[in-house]
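Got the viewer open? Grab a colour scheme you like, and let's click through this one stop at a time.

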There are 2 protein chains.
Amino acid sequence: MPTIIEVAALAGVSTATVSRVLSRPEQVSEDTRLRVLAVVRESGYVPNVAARSLRTLRAAKILLTVPDISNAFFASVIRGAEEAARDAGYSVVVGDTRHDPYVEDQYADMLSRREVDGLIFLGHRLPTSLAPLMARKGAAAPIVNGCEYSSDLGVPSVHIDNAAASADAIDHLVGLGHRRIGVVTGPEISPISRDRLAGAIDAATRANLRDGLHIRVGDYSAGSAIDHTRDLIAQDVTAIFCFSDEMAMGALSAIGDAGLSCPKDVSVIGFDDLPLARYFQPPLTTIAQPKAMIGRRTVELLVDILHGIDSPSRQVTLDHELIVRGSTAQPVSAR
Amino acid sequence: MPTIIEVAALAGVSTATVSRVLSRPEQVSEDTRLRVLAVVRESGYVPNVAARSLRTLRAAKILLTVPDISNAFFASVIRGAEEAARDAGYSVVVGDTRHDPYVEDQYADMLSRREVDGLIFLGHRLPTSLAPLMARKGAAAPIVNGCEYSSDLGVPSVHIDNAAASADAIDHLVGLGHRRIGVVTGPEISPISRDRLAGAIDAATRANLRDGLHIRVGDYSAGSAIDHTRDLIAQDVTAIFCFSDEMAMGALSAIGDAGLSCPKDVSVIGFDDLPLARYFQPPLTTIAQPKAMIGRRTVELLVDILHGIDSPSRQVTLDHELIVRGSTAQPVSAR
DNA sequence: GAAACGAATGTAAAGGATTACATCGGATAT
DNA sequence: ATATCCGATGTAATCCTTTACATTCGTTTC
C-alpha cells in the first residue's frame with residue numbers, strides 16, 4: 001500500500017497537490033488532476049485514515065448506541081441512520097449496550113477519545129461520563145437522543161408524541177366497546193413509557209373509564225408480559241395494551257396458554273409495528289413509529305451540530321400511526 | 001483535552017515515560033508511575049487513538065458485517081463477538097450490508113484503509129474487493145466467516161454441521177409419523193441452505209421417503225414462506241420444515257389463515273431458535289444454533305490470525321441442538 | 001576499585017496526511 | 001512597460017503517540 005509521498009513522486013507533483021486532487025479537486029488544473037488520479041488508480045493508493053484524522057481532528061464517524069441490538073425495533077432505526085449518515089459523508093458505528101451503564105460509558109469514551117465525531121443514543125440514559133461534556137458545551141455538544149428523551153438534560157432528540165399515540169390506542173379499544181383494559185408498560189424509569197402511560201390514563205379518564213384501566217409494569221421484553229397477562233386475564237380485562245410489540249407477542253402467547261383466544265376473548269394492541277407484527281397470530285394491531293425516519297432525523301440533527309449550524313428544532317416530533325390488524329375486536333359483552 | 005506532552009511536563013518526566021506508564025507499567029518505577037497516573041487522572045488525559053494507530057498500524061477494531069441487522073439471529077452472534085473481542089482488547093464495529101454487494105464493498109474498504117484490523121462477515125459472500133487481498137495473503141489475511149462458509153475461498157469459518165442438523169429435523173418429523181413433508185429452503189446461492197437441503201434429502205432418502213419431500217425455495221424472510229406454505233398445504237403435506245425461524249413464523253401465519261391449526265393439522269419446525277421462538281403460537285420446535293459461541297469463536301479465530309498464530313482449526317464446527325416445543329406432533333394419519 | 005550490568009529514564013525519529021503560507025509565471029490593467 | 005493579480009503548485013510545519021537507541025547511575029562481581 002503506497003503512501004501519498006510515493007504517489008506524489010510517481011505523478012511528479014508534491015504531496016500537497018495529491019492531497020488537493022483528492023479533497024479539493026477544483027483547485028487543481030485538469031491536466032494534473034487526471035495524471036494524479038491515474039497514478040492513484042494504478043497504485044491502489046488509499047489515504048490512511050489514522051493520519052488524516054490525526055491531522056484534521058475529524059473521524060467522519062458517528063457512534064450509534066442501542067440498548068438492545070436484538071430488538072428488531074432498533075434495526076430499522078439503525079438503517080435510517082446509516083442512510084442519512086452516508087448522505088452526509090459519515091459512517092455509523094453501532095454499539096450494543098445491553099442496558100449496561102458500564103458498557104454505555106465505554107462507548108461514550110469513544111467520543112471523549114475523538115474516535116467518533118458524535119454520539120446518538122437510543123434509550124433514556126445519557127452515559128454518565130458525558131454529563132460534564134454536556135454541561136460544558138451545552139447545545140454544541142455532539143450528542144443526540146433518539147426514540148427516548150431526557151428533558152432535563154437538554155439533549156436534542158427525535159421521537160413521536162408518545163402520549164398521543166397511547167391515547168389513540170386506548171381510544172381505539174374504547175371505541176370497540178372495551179371497558180376493562182390492561183396496560184403493560186415499559187420500565188418506570190423510561191420517560192416515554194411514562195408518557196405513554198399518562199396518555200393512556202388521560203384517554204381513559206376522558207372516556208370516564210379511569211377505573212377500568214389495570215396497569216402493570218413490564219420491561220418491553222416478551223417474557224415480562226407473560227405473567228402480567230395471566231394476571232390481567234384473571235382481572236377479567238377484555239383488552240391488553242402493551243407498550244411494545246414484543247410484549248404483545250408474550251401476551252398472545254399467554255392468552256393461548258390460558259385456553260383463550262385473541263381477539264375473541266381478549267384483544268391485544270402493541271407498540272412499534274415490528275416487521276414481524278403482521279405475521280403474529282392474529283396479525284397485530286399496533287402503533288407504528290416512523291423508525292427509519294427517527295434514525296434519519298437524529299443523524300441530521302447531529303450533523304447540523306457538527307457543522308455548527310444552529311438547528312431551530314432541537315426536539316423533533318414525528319408522526320405515529322395506529323395500524324389496525326386482527327388482534328383487536330369488539331369484546332363479547334358488546335356484541 | 002491535554003496531550004501526552006503536557007502530561008509529561010506536569011509530571012516532570014518525558015513523554016516516553018508517560019507512554020510507558022500507560023502501556024507497559026512494569027517498566028516504570030512505582031514512584032514515577034504513581035506520579036504520572038495522578039497527573040493523568042487529574043488532567044483527564046486520554047490518548048489520541050488516531051495518533052496511536054498511525055504509529056502502531058493497529059486500530060484495535062474488528063469489523064463485523066451482517067447481511068441483515070433486523071434479523072434477531074445475528075444479534076446474538078454480535079453479542080458473542082463483542083464479548084470475545086473485549087476479552088482480546090479489541091472493539092467491534094458492526095456493519096449492516098442489507099445483502100447489498102455495494103455496501104459490502106464499502107465496508108470491506110475499511111479493512112483496506114486499515115480502519116479496522118480484521119473483518120468478520122456473516123453471510124456467504126466474500127466482498128469482491130477483498131478477493132485480491134485474500135489471494136495475496138492467503139491464510140494470513142485477517143478475514144473470517146461466520147455461520148456460512150465459502151469453501152472455495154479458503155476463508156476460515158465457524159458454523160454448525162448444517163446437513164446433520166437438518167437431518168435431525170427430518171428424523172424428528174419422520175419419527176412422529178410424517179410422510180409428506182414440505183421444506184422451505186434459503187436462497188439457492190447460500191451454501192448452508194444447500195447443506196441443509198442435502199441433509200434433509202439424505203435423511204428422507206434413508207427413511208425411504210425421498211418422494212415425500214416437497215421442496216420450495218425461500219429467502220429466510222417470513223414473507224417468503226407465506227405463499228410456499230399455502231402451496232404446500234395444497235399438496236397435503238402434514239409438516240413443514242423451514243430453514244429459519246422467521247420463515248416458520250410466516251408458515252404459522254399462513255396455516256392459520258388457511259383455517260388450519262398447528263400442530264394438529266400441520267407441524268412446523270424452524271431453524272435458529274430465536275429468542276422469540278418460544279413465544280410463537282404454538283411455541284416453535286426448532287434447531288438451536290450456538291449463536292453467541294459462533295460469534296465468540298469467529299473473533300478468536302481472527303485474533304489468532306492477527307497475532308500470527310497459526311490456528312490448527314480453520315474450519316470450526318459447533319454443536320447444534322433440536323429443541324422440541326409445541327409446533328410438532330403426530331400427523332392425524334398416525335394417530 | 002574497576003568492570004560489567006541492569007533498571008529507569010530521556011532523546012528524537014517516524015508514522016502519513018493536511019494546509020497555511022510562499023512562490024512562480026502568465027494574464028490583465030493602467 | 002510596469003504594477004497587480006490570480007491560478008497552480010510547492011515547502012514545510014503540524015497533528016500526537018510510540019519506541020529504538022542512548023544515557024545515567026547505582027549495584028554487583030571479581
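Start by selecting α4(A): this helix gives the largest share of the surface near DNA strand C, with 5 residues. Keep in mind as you go that this is a predicted model.

Now add the other elements around the strand. α2 (15–23) and α4 of chain A, plus α2 (15–23) and α4 (49–56) of chain B, each bring at least two residues to the surface near DNA strand C. Widen the selection to everything surrounding the strand and you should have 28 residues, with A:I4, A:Y45, A:R55, B:T17 and B:T32 as the closest. Colour that set by class and you get 12 nonpolar, 11 polar and 5 charged residues.

Which parts of DNA strand C lie within 4 Å of the protein: sugar or phosphate, or bases? Of those atoms, 59% belong to sugar or phosphate, and bases make up the rest.

Time to zoom in on some individual pairs:

- A:I4: a polar backbone atom here sits 2.4 Å from a phosphate oxygen of DNA strand C.
- A:S19: an N or O atom of the side chain is 2.8 Å from a phosphate oxygen of the strand.
- B:A51: hop over to chain B, where a polar backbone atom of this residue is 3.4 Å from a base nitrogen of DNA strand C.

Next, hide the DNA and look at where the two protein chains meet. Select the contact residues: 45 from chain A and 45 from chain B. About 4,100 Å² is buried between the two chains, and carbon and sulfur atoms give 59% of that area.

Switch on polar interactions. Chain A and chain B have 16 residue pairs in polar contact, both residues being at pLDDT 80 or more. Across the interface there are also 9 salt bridges. For one to look at, pick B:R79 and A:D96, whose closest N and O atoms are 2.6 Å apart.

Which elements of chain A should you highlight on the side that touches chain B? Those giving two or more residues are α4 (49–56), α5 (72–87), β2 (91–96), α6 (101–112), α10 (222–234) and α11 (245–257). Among these, α5(A) gives the most, 7 residues. By class, this side of chain A has 25 nonpolar, 9 polar and 11 charged residues.

Last stop: superpose the copies. A turn of 180° with a shift of 0.0 Å along the axis lays chain A on chain B with an RMSD of 0.1 Å. The two copies are therefore related as by a two-fold rotation axis. To find that axis from chain A, centre on A:A50, whose C-alpha is the nearest to it at 2.3 Å. Both copies use the same surface, as 100% of the contact residues of chain A recur in chain B.

How values were computed:
Residues numbered from 1 in each chain as written. Chains lettered and ligands numbered in written order. Predicted model: local features only at pLDDT ≥ 70, side-chain atom pairs only at ≥ 80, totals over all residues. Heavy atoms only, no water. Contact = heavy atoms within 4.5 Å. Buried area = accessible area lost by both parts, 1.4 Å probe. Salt bridge = Lys/Arg side-chain N within 4 Å of Asp/Glu carboxyl O. Polar contact = N/O pair within 3.5 Å; in protein donor to acceptor, adjacent residues only side chain to side chain. Helix = DSSP H or I, 4+ residues; strand = E, 2+ residues; numbered from the N terminus. Nonpolar A, V, L, I, M, F, W, Y, C, P; charged D, E, K, R; others polar. Least-squares fit on C-alpha atoms with pLDDT ≥ 70 in both. Near = heavy atom within 4 Å.
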